[in-house]
Amino acid sequence: MTTFNGILLDKTETGFSARVSAIEESRLPADGDVTVAIEYSTINYKDGLAIANKSPVVRKWPMVAGIDGAGIVDVSTNAQWKPGDKVILNGHGVGESHWGCLAQKAKLKGDWLVPLPAELSTLQAMAIGTAGYTAMLAVISLAKHGVTPGQGEILVTGASGGVGSIAITLLAARGYNIVASTGRLNETEYLKSLGATSVMDRNELSAPGKPLQKERWAGVVDSVGSHTLANAIAQCKYNATVAACGLAQGMDLSTSVAAFILRGVTLAGIDSVYASKPRRLEAWKCLVQELDRAKLDQITSVVKLSEAIAQAPAILAGQVRGRMVVDVNA
Ligand code: NDP
């Protein structure tokens with residue numbers, strides 16, 4: 001009997017459990033066609049929700065956690081991949097409805113995988129992870145909607161988190177003038193070292209506000225939602241674009257059409273989970289070309305698989321700075 005270690009989530013009559021377990025390989029999902037020896041995974045906000053059982057992320061029990069993985073193809077019956085290929089998996093319902101990558105082995109669909117760029121290690125790919133790839137999608141979206149560095153300030157909310165930290169780094173590399181909104185003002189030097197021009201207290205945005213406020217932002221990358229997103233929209237300049245990708249404050253959005261019909265503001269939704277392969281490949285190509293890897297190292301910490309479960313409440317409490325990689329073999 002061959003087994004691998006993974007974070008197994010289960011819900012039975014006795015309740016919810018999350019533990020590192022030795023899992024038989026024969027239990028890997030039958031509908032996968034590529035078995036990957038995972039080297040690194042990561043803890044995103046969504047992994048935190050799943051592992052802490054805080055919202056209905058997991059739709060099938062038992063579930064191996066982990067929405068992201070990077071590793072080496074072990075066995076493949078998919079013509080696109082052969083043993084030895086280095087691959088990345090982000091999203092596609094993995095860790096939600098299909099067994100995930102916080103494990104030494106994952107059996108995935110070949111169509112979901114993208115090749116690991118030659119310039120990146122599997123550790124760096126997971127330091128980027130869904131958070132970084134989503135940040136890239138958001139930055140690409142601002143550019144596609146015509147937001148250029150000359151137009152004014154860009155607001156990044158949830159700035160000290162994974163999406164926020166990488167969005168700041170990417171926007172700075174493109175020459176934007178960034179205002180970082182954070183609840184952790186003690187991280188001001190960190191945020192400035194990533195490229196933020198200035199830092200604001202997130203309390204300025206977190207309470208209900210008027211639907212039209214003083215114009216300030218040429219663009220916004222928002223990973224927070226709720227009143228923060230509503231206020232960001234209300235403070236947009238004429239023709240600004242808001243890339244909305246998260247819900248760290250809440251899933252609600254109470255606003256009016258005023259900013260859209262009076263200021264031509266665009267609310268651009270960002271979904272990484274089911275983004276098409278061409279969009280994924282474009283994002284990863286831009287990440288390779290534009291993301292400062294010294295800064296990526298600076299924002300990344302690495303934990304062992306056995307330590308990952310304890311990080312779930314920490315990320316939900318906004319206590320994780322930057323990105324947290326999981327070495328699934330340690
Ligand atoms: P992190 O926990 O790393 O970052 C979230 C940040 O939001 C925190 O660090 C904190 O930043 C801020 N925050 C936390 N709680 C609150 C609150 N109550 N009010 C205001 N701000 C708060 O998570 P990720 O960066 O991994 O993900 C960020 C969000 O984006 C999550 O909601 C996640 O689900 C979503 N997401 C969506 C994706 C998509 O495809 N659309 C893909 C990836 C992520 P600070 O301390 O600086 O204020």
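This is a short exchange about a helix, a ligand site and two aromatic pairs in a predicted model.

Colleague: What are the ground rules here?
Modeller: The model is predicted, so local features need pLDDT of at least 70, side-chain atom pairs count only at pLDDT 80 or more, and totals for chains, interfaces and linings use all residues. Residues are numbered from 1 along each chain as its sequence is written, and side-chain values use heavy atoms, with hydrogens and water left out.

Colleague: What makes residues 162-173 helix α3?
Modeller: Helices are DSSP runs of H or I with at least four residues, strands are runs of E with at least two, and both are numbered from the N terminus. Helix α3 has 12 residues. From first C-alpha to last, α3 reaches 17 Å, close to the expected 16 Å. The expected span is 1.5 Å times one less than the number of residues.

Colleague: Why is α3 called largely enclosed?
Modeller: Buried means under 20% relative accessible area, exposed over 50%, and partly exposed in between, with a 1.4 Å probe and protein chains only. In α3, 10 of the 12 residues are buried, so the rest of the structure largely encloses this helix. Among them are G162, V163 and L171.

Colleague: How do you know that R184 makes a polar contact with the ligand?
Modeller: A polar contact is a pair of N or O atoms within 3.5 Å; within protein, one must be able to donate a hydrogen and the other to accept it, and residues adjacent in sequence count only if both atoms are side-chain atoms. A side-chain N or O atom of R184 is 2.8 Å from a ligand oxygen atom. That meets the cut-off. L247 uses a backbone N or O atom, 2.9 Å from a ligand oxygen.

Colleague: Why is the F16 and W61 pair called edge-to-face?
Modeller: Rings of Phe, Tyr and Trp (its six-membered ring) pair if their centres lie within 6.5 Å; planes under 30 degrees apart count as stacked, over 60 as edge-to-face and the rest as tilted. The F16 and W61 centres are 5.9 Å apart and the planes lie at 80°, so the pair is edge-to-face. F16 sits in strand β2 and W61 in the loop between α1 and β4, 45 residues apart.

Colleague: What makes Y133 and W284 stacked?
Modeller: Their centres are 6.5 Å apart and their planes at 15°, so this pair is stacked. Y133 belongs to helix α2 and W284 to helix α7, 151 residues apart.

Colleague: Are these four rings buried or partly exposed?
Modeller: Y133 and W284 are both buried. F16 is partly exposed at 28%, and W61 is partly exposed at 31%.
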